[in-house]
Amino acid sequence: MVARHHRTNARIVRCLSESDRVGFGRIGFGRTRWRVVVIRGLWLCGMLTFLACAGRGEALAQETAAQEAHHRASVIAQLPPDAAKVLFGRESTPTAGPPQAIGSYERGCLSGAIALPADGPNWQVMRPSRNRAWGHPVLIAFLERLAQKLPGEAGWPGLLVGDISQPRGGPMLTGHGSHQIGLDADIWMTPMPNRRLSPAERDSISATDVVAKNGMDVDPTVWTHQHRALLEAVASEPSVERIFVNAAIKRALCRESRPDRAWIAKIRPWWGHDYHFHVRLSCPGGSPQCRDQAPPPPGDGCGKDLAWWFTEEALHPRPSLPQKPLLLGNLPPACAALVAAPAGQGPQVRGTKQ
């Protein structure tokens, strides 16, 4: 239980950018660079939801419908009415008009979203009561095409798809700091069963944890070569920007992968992510205000950078203080029009990609 708590609890370093976090494991606490990293981390934590920075994201991903409803009510009661997650969390329908991913993955919104159907030939949407199966049409088409090819390419029978985005994107009341522009999706580590799950089952069953209890490697009684083949197939897609997994999963991939392993650079370690992996697409065409993430650092990420994740600093990081919630004014200006617009009316989006 203690090991699970530390694996799923993120601290201040969880809110650092990937490039800063790589340096974090190599520098002394008293140096100027460390102070800069801390300041930058605190600033970014302020942009992310304070619950995500408190490290509950992975646990929240497995909440049942009843637990989720109780948690949402508790969060709303503690937030100001102009908190961005309250405004976007109450929207139950998308806006019409051309699809637009607006802003960054951790600070943005989504216009013209469409929903992944609850059932497809090789996929099923999980936690349907959350109403988070919305995404940019490019992501929805990607998931549908991916699900179709995985049985033959990876021996994976089909996808159980977790959270994507809210109907208008934006910060979520529970569980995520990103997933705000319709280009992120959680995919469970559980193969799709050979029957259709009922809505009640989808809202209550838990995904499969593939990481050993001590967090140092995958669980050999659960992890299979199909898990590796699944992640390789997804990472090999050109439109995939990142895949976030538990560091133990990255360790297994580094150990098991074949010589042709350019795809593995896209797979990055992150706290939690032992029940599911998080796939992120790059900004699509036609979304001039979408902000891409910086490319991954050079190399395959299997050396010293990965080793840091198994140090005391990473396994038992210091607690961080809760940060102020993100307000609507902290998001790109076009996002304000999204929550103000009625269903069927999209915002006016101007500007060019920086």
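Over which ring does the charged end of arginine 251 sit? The ring is that of phenylalanine 310, and its centre is 3.6 Å away. A charge counts as over a ring if NZ of Lys or CZ of Arg is within 6 Å of the ring centre and within 35 degrees of the ring normal. Arginine 280 likewise lies over the face of tyrosine 105, at 4.2 Å from the ring centre.

Colleagues, this is a predicted model, in which local features need pLDDT of at least 70 and side-chain atom pairs count only at pLDDT 80 or more, while totals for chains, interfaces and linings use all residues. Residues are numbered from 1 along each chain as its sequence is written, and side-chain values use heavy atoms, with hydrogens and water left out.

I turn to the interior. The largest nonpolar core (buried Ala, Val, Leu, Ile, Met, Phe, Trp, Tyr and Cys residues joined through side-chain atoms within 4.5 Å) has 58 residues. Buried here means under 20% relative accessible area, with a 1.4 Å probe and protein chains only. Leu159, Ile243, Ile249 and Phe277 have the most contacts inside this core. Helix α8, residues 137-154, gives the most to it, with 8 residues; helices are DSSP runs of H or I, at least four residues, numbered from the N terminus. Apart from this core lies another, of 12 residues, including Leu87 and Val339.

Finally, helix α11, residues 247-256, is largely enclosed by the rest of the structure, because 7 of its 10 residues are buried. Among them are Ile249, Leu253 and Cys254.

Methods. Buried means under 20% relative accessible area, exposed over 50%, partly exposed in between (1.4 Å probe, protein chains only). Helices (H or I, at least four residues) and strands (E, at least two) are DSSP runs, numbered from the N terminus.
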